[in-house]
Amino acid sequence: MDTAKVQAKILDVLKSAPNGIDEKARKQLFEDCDSSNILTVFNGLLAQGKIEILADEHKNLIYKLKEANLIPGLEKIEDQIVYDHIARSGNQGIWVRDIRTKTNLPMHTLSKILKQLESKKLVKSVKSVLAVKRKVYMLYDVMPDSRVTGGTFYQEQEFDVEFTDLLTQETLKCLTKKAESVAKLETGPLEILTRSFVTISDILKFICRTKIFNVQIKDNDIQKILQCLSFDGKIECSSRVEPSGETVECFRAVAPLISTPSIVRMPCGACPLSEKCSLTGRITPSNCKYFTDWLNLDSNELIQLFFNQNRKMSGAAGPVGRPMKYPYTLSAKIAQFPFKWHVNNQWIWKYYLIGVAVCTPLFYKIQKGANSAANKAKWAESQKKSGH
Amino acid sequence: MSGTSQHSQLCSILLREAYGDLAEKVAMCLFRFGDLTFSQLASHSKLKQSKLQTVLKGLINFGLVQFEMGVDAKSGTQSNTPIYNLCKGRVLFLHRYIRGVPVFIRKFGTEGEIVLDTLMKCGHECASDIIFQATVRILKTESDQNVASVLEQIKGKLTELIQFGLIERAPSRQTETQEKLSDFSTPGKNYSLKGVDLPMMVQRISNDILTLEDAEDQAILWQVSRKRVTQLLRDEMFAEALTGRIDCHAGNLVRVLLQLMADTGPAMADASNILHKPFIQSAVKNSYSGSPLEAHLSEYLQILSQDSSSLVKNLGDASGGEYQITLKSAILELTWSALEKITQEQFGTKGARIFRVVRRHQFILVDDIQNHAMLPPKEAKQILYTLVGQNFVHFREMKLGTGSEAGKTSTSYYFFINLNQLVRMCLEKCYLAQFSASVRQNDIVSKYSHTIQKESRLTSLYVTLKDQGAPQEQLEDVLVASYQIKLCLT
């Protein structure tokens, strides 16, 4: 069969099969043609970019007609291939490294092609919030997906804290206002509870009425904010059945189950140095600055106040009766010496005193006996006898 | 078995403040070394036997130390040597009791609180002594009150406290064998005191005799019921939680339900017996007749059963409605709320948010935490790692291989909260905080003791000068000086 005729037949067959034909179908259709000729024709069509060969899930070849190349200026096959990969990625975009893996093009060639495509405004690069340093490429007219841009809560690929906080505040305001307005009703508690619930659409209407936000806010965004508020413990979620039979999620503001525990009202509750705190060492409860601030006490001020008052009362020139902060003089050292502690905790002093107390009368008795007149006389007599 | 260091420090300081150094020494020997015989205790505490006896008597009187006959190791029979052990719960109860004072005042008035406080200070006492001492205490501050009416009031309060169960029978001193408290029948709601001679007490007080001897009911001793006080505080905790969450009527309903639970079964069980609605209705009618609670009882029960506190569970509609108090799940919820509040105070709202995210999704990755918490990635990671550093959140490493021999393994870190460990950590912090506060208090009092004495001397001087008719200028000087010292002390 003539090459041109074979080419035309192939194109007709592929046009009638929009999903393409597999290898088996190809062999059946062209069994009367020379196989080497067929393959040459197919390669030629591939080179021209009129057909493409794909692989299905079972790795079988599928021959498919390629859509006409409507892009002017992409003469080189490499440009076309890169463009096609970018087009296929849709609104998710494709990373440079992924394009390189798929096309096997060297980096410098790929960079050149991408620059060319960008200059022709066929593709654009977008920074992804999932990986800040990574740029993804997508077609110029395609809106990037929220997973790439981050959605409503991201501004220039960065999380917009101010916007999120403001939206959270307004959402909570809506729920709190509803709860407060319903609490004033003179009905049973169950009705008050039921009426205090609010749906996502009600919250959206409330926020739109405030006209604070220029950005279009969707139900999903409010859903995320409400989830965030439930993680803050400020709201609770329930579901109710609407008159239409549809089950909708609804939310209401709740008070916390318990008030602030006493442990965190004290400095020790949130102290970062509690593990190092002990009776001895640098950090003790006695010299803790956090305690001082909490008790609103400044010991120097107190002592000064006391001295001023004492001076006024007694008319004395200086302080009276206050122990010295540091014992500079010998008498101060003696006055501040912990005699009692030493006597209580060291056995030697106690037993020394006991020994002295026990021995003193004994020694006195011995001394008295030894120096008595009778003993002296006896001694003098013994000395005389010995001839001294 | 010894407790943790924070626990032992706290017990030590509580015992020293309440009962003195000797009692603290003996009790802490028992705390550190566990069960000891008398001779072992004497050698550890280094006290003379006579002194040790006196201290032990006092500690047993206050219920801090218990004893039982030991078992001979060789023969396995009971020996004649008593073994002493310390009731650690009773030591901490000294502090917990103070927490309950506002509740006692609210429920039983100032007189009721004075009766309880008098009994706490005595340990075990007969009814006549309790009434007498409480009356003397009230008359010291309010001397113009009629003695007989005060005595009558105090007797009524004591009876009320016994009927409520806050005061229970204690073993008698005069019996030779150790009586078990379980041998006594629980005084019912119709219990009335016997053997209390009020006219004799009136006479003694009128004659300025401030001690009571040979009371008729000396053999019947009473003590503060630790279990009942703990139960009352627990009930109040639930009632306050639901009052804040819903309204005061819901809190009152919770009180009624918890009382019914105690009446129909063990008060400290994980869950109560089934409570039928008519039963609850009659109890509410007795306590809160005519209130909105009685009118909207069904609605309040429905609200409580749907509330996230999980205190009340609706089991069905038989007999008008069947309800059950699920204490275990309610206590778990309250514990989580407390931990979340602690996290919020320590790490801020964002820290608490991340804590709740990890709590709800146990074993969660960092990226998922950041998505759920709606925080910038860097900030979320910083706060999370701070929580991990402070042991509020834990993590587990999971290595996932690709399957091939030389393949890469990726490590993922899954974050979770170990509730038991976290609760234990917070408990230790509470012990440390209480201990530090006591140490600082003692430090300040001892440091400024001369200032405090000066202030009291100035006050008595002012009264004396005023009685003597001193000139106004002198009185003003004394007043100014006293005021300045008060400023120093505040």
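In the predicted model, A:Glu52 has A:Lys64 of strand E3(A) as its bridge partner. The two strands concerned, E2(A) and E3(A), the latter spanning residues 61-65, are antiparallel and are joined by five bridges. They belong to an open sheet of three strands in chain A, ordered E1-E3-E2, in which the pairing is antiparallel. The edges of this sheet are formed by E1 (21-22) and E2 (51-55) of chain A, each of which pairs on one side only.

Chain B also contains an open sheet of three strands with antiparallel pairing, here in the order E3-E5-E4. Strands E3 (125-126) and E4 (167-170) of chain B occupy the edges; each has a single partner strand, so one side of each lacks a neighbour in the sheet. The pairing of E3(B) with E5(B), residues 221-224, is antiparallel and comprises two bridges. Within this pairing, B:Glu125 lies opposite B:Trp222 of E5(B).

A further segment of chain B carries a record annotation. An unreviewed UniProt entry lists residues 9-67 of chain B as "domain: RNA polymerase III subunit RPC82-related helix-turn-helix". In the model, residues 9-67 of chain B are 76% helix and 5% strand. The C-alpha atoms at the two ends of this segment are 24 Å apart.

The interface between the two chains was examined next. Contacts involve 56 residues of chain B and 53 residues of chain A. The size of an interface is often expressed as the accessible area that is lost when the parts come together. For chain B and chain A the buried area is about 5000 Å², with carbon and sulfur atoms contributing 67% of it.

Specific polar interactions were also counted. One salt bridge is found between chain B and chain A. It links the side chains of A:Asp232 and B:Arg353, with an N to O distance of 2.9 Å. Residue pairs in polar contact across the interface number 12, counting pairs with both residues at pLDDT 80 or more.

On the side of chain B that touches chain A, the elements giving two or more residues are helices H10 (226-245), H14 (297-306), H15 (327-360), H16 (366-373), H18 (419-447), H19 (449-468) and H20 (472-489) of chain B. H15(B) supplies the largest share, 14 residues. Divided by class, the side of chain B in contact with chain A consists of 25 nonpolar, 17 polar and 14 charged residues.

Key
Residues numbered from 1 in each chain as written. Chains lettered and ligands numbered in written order. Predicted model: local features only at pLDDT ≥ 70, side-chain atom pairs only at ≥ 80, totals over all residues. Heavy atoms only, no water. Contact = heavy atoms within 4.5 Å. Buried area = accessible area lost by both parts, 1.4 Å probe. Salt bridge = Lys/Arg side-chain N within 4 Å of Asp/Glu carboxyl O. Polar contact = N/O pair within 3.5 Å; in protein donor to acceptor, adjacent residues only side chain to side chain. Helix = DSSP H or I, 4+ residues; strand = E, 2+ residues; numbered from the N terminus. Nonpolar A, V, L, I, M, F, W, Y, C, P; charged D, E, K, R; others polar. UniProt positions renumbered as here; feature names shortened; annotations may be inferred. Pairing = 2+ DSSP bridges.
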